[in-house]
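Open the model in your viewer and keep the selection box handy. The stops below go from a strand pair to the rings and then to the cores.

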Amino acid sequence: MSEATDKGRILVVGDVMTDIIVMPEGPLVRGSDRRAAIRSRPGGSGANQAVWLGSMGTRVSFVARVGAADKPHLEAYFKGLHVDPILIADALLPSGVLVAIVDPDGERSFLTDRGANLALSPSDMPVRLLDHTRLVLVSGYSYFAETPREAVRWLAGEARVRGIALAVDAASVGFLKEVGPGNFLDWTSGAELLFCNADEAQALADTADLDAQMRVLGGRYARVVIKRGALGAALGNSAGVALDLPAPPVKVVDTTGAGDAFAAGFLSAELKDLTPADCLKAGIAAGSAAVETLGGRPG
C-alpha cells in the first residue's frame, strides 16, 4: 500500500453501543402495557460513523472500549464491514446499551448506559496510527465524561502537533446542556470542522438564527456544518453561511444514525477532494438514505 493511499485514513474515536429500538403503537401508558415493535441493533455514534465510512470505501480505523466478553465478536463484526477495529477490552464494565424510543414521525428519545465507553483513557489512544491518518473524527459523546474527555483531548493535541485535522460531532443536545455549552466549546475549540444539528447549534451559539450560529461557531472552528433535518444542511465559518442546500423528500422510518451517516458522507467526499458543495450534497444524500431504514447503520 502506498503512503499516499494510507494517508487517506480517517481515525474515528467514539462509543460502541447496542441499540434497543422501541416503536410503540401509541403513547406510553404509565403503569401499564403498550404494544410495540422492539428490535436490537448495533449502535454508538462513533461506531456508526466508522461503519458508514467503511461502506463508502473510505479507509477507517475505529477506537473504542468494550466489555471484555464482547471484544472477539465485535472485532470480527467491524472487520467484516471494512473497518479496522482498535477495541480495548474492559474487564469490569460491560459494553454500552442505549434504548431508543421512536415516535410515529420517526423522531426518537434515548436512554443511555455508556458502560465501558466511560473508561476510555489516554493509554487506549493509538498514537502510532496518526502517522498514517489524514483526519481524526471524534464523537461528542467522548467529551461528556471526564475520563474519555481526557483521552480525546490528549489525542487531539497529538494530532495537532502532526498537522492532522480534527473533526468533532456535537452528538447530543441533552448532554451538551448537561456539561455546559461553554465548556464543550472550550474543550473542542480549534478543531478544523464541527458537525452539529440545528438544536445543538442553537445550544452552542445561543441563538436560533442560522447565519448568526455560523458566525459564532466559526469563531471557534475553521468550518461548521449544521445539519437541518428535512431542510438539508448548511456550511459556513466566521463570515456566516457559505452554502445552504436542501434535502430531498423522503419517507422517514427512523432518524437514528442519520447525523452519523451525514458526517461519513461529507468526509468521504472531502477525502476525494470534491468541492464543498459536493461534500455537502454527499452528506445530505447519506443522511437522507439513513432515515429510510431502521437503525443507525447501512442497510
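Select V99 and L111: V99 stands opposite L111 in β7. This is a predicted model. Now widen the selection to the two strands. β6 (residues 96-102) and β7 run antiparallel, joined by six bridges.

Show the whole sheet next. It is open, has four strands and follows the order β3-β2-β6-β7. The pairing is mixed. Colour β3 (36-43) and β7 (108-113): these are the edge strands, each paired on one side only. From one strand to the next, the twist averages 20°.

**Aromatic rings**

Hide the sheet and show the aromatic side chains. The model has ten aromatic pairs. Pick F144 and F175. How are their planes set? Their ring centres are 5.5 Å apart and the planes meet at 45°, so the pair is tilted, since tilted covers what is neither under 30 nor over 60 degrees. F144 sits in the loop between β8 (133-139) and α4, while F175 belongs to helix α5 (residues 173-179). The two are 31 residues apart, so to speak distant parts of the chain, linked by this pair. Check burial on both rings. F144 has 10% relative accessibility and counts as buried. F175, at 22%, is partly exposed.

Move to F195 and F262. This aromatic pair is edge-to-face, with 6.3 Å from centre to centre and 80° between the planes. F195 lies in strand β10 (residues 193-197) and F262 in helix α9 (residues 258-271). They are 67 residues apart, and again the pair links distant parts of the chain. Are these rings buried or exposed? F195 is buried at 0% relative accessibility, and F262 is buried at 4%.

Go back to F144 and F175 and add Y141, Y143 and F184: these five form one aromatic cluster. Then select R149 and W187. R149 lies over the face of W187, 3.9 Å from the ring centre.

**Nonpolar cores**

Keep F184 selected and add V136, L194 and L217. These residues have the most contacts inside the largest nonpolar core, which has 42 residues. Helix α4 (residues 146-161) supplies the largest share of this core, five residues.

Centre on V136. Which residues does V136 contact, leaving aside neighbours within four places in sequence? They are L11, L130, L155, A159, I164, A165, L166 and A167.

For the last stop, select V16, V51, A64 and A261. They are among the 41 residues of another core, which lies apart from the one around V136.

Technical notes
Residues are numbered from 1 along each chain as its sequence is written. This is a predicted model: local features need pLDDT of at least 70, side-chain atom pairs count only at pLDDT 80 or more; totals for chains, interfaces and linings use all residues. Side-chain values use heavy atoms; hydrogens and water are left out. A nonpolar core is a set of buried Ala, Val, Leu, Ile, Met, Phe, Trp, Tyr and Cys residues joined through side-chain atoms within 4.5 Å. Buried means under 20% relative accessible area, exposed over 50%, partly exposed in between (1.4 Å probe, protein chains only). Contact means heavy atoms within 4.5 Å. Rings of Phe, Tyr and Trp (its six-membered ring) pair if their centres lie within 6.5 Å; planes under 30 degrees apart count as stacked, over 60 as edge-to-face and the rest as tilted. A charge sits over a ring if NZ of Lys or CZ of Arg is within 6 Å of the ring centre and within 35 degrees of the ring normal. Two strands pair if DSSP finds at least two bridges between them. Axes are lines fitted to C-alpha atoms, for helices over the stretch in contact, and angles run from 0 to 180 degrees between N-to-C directions.
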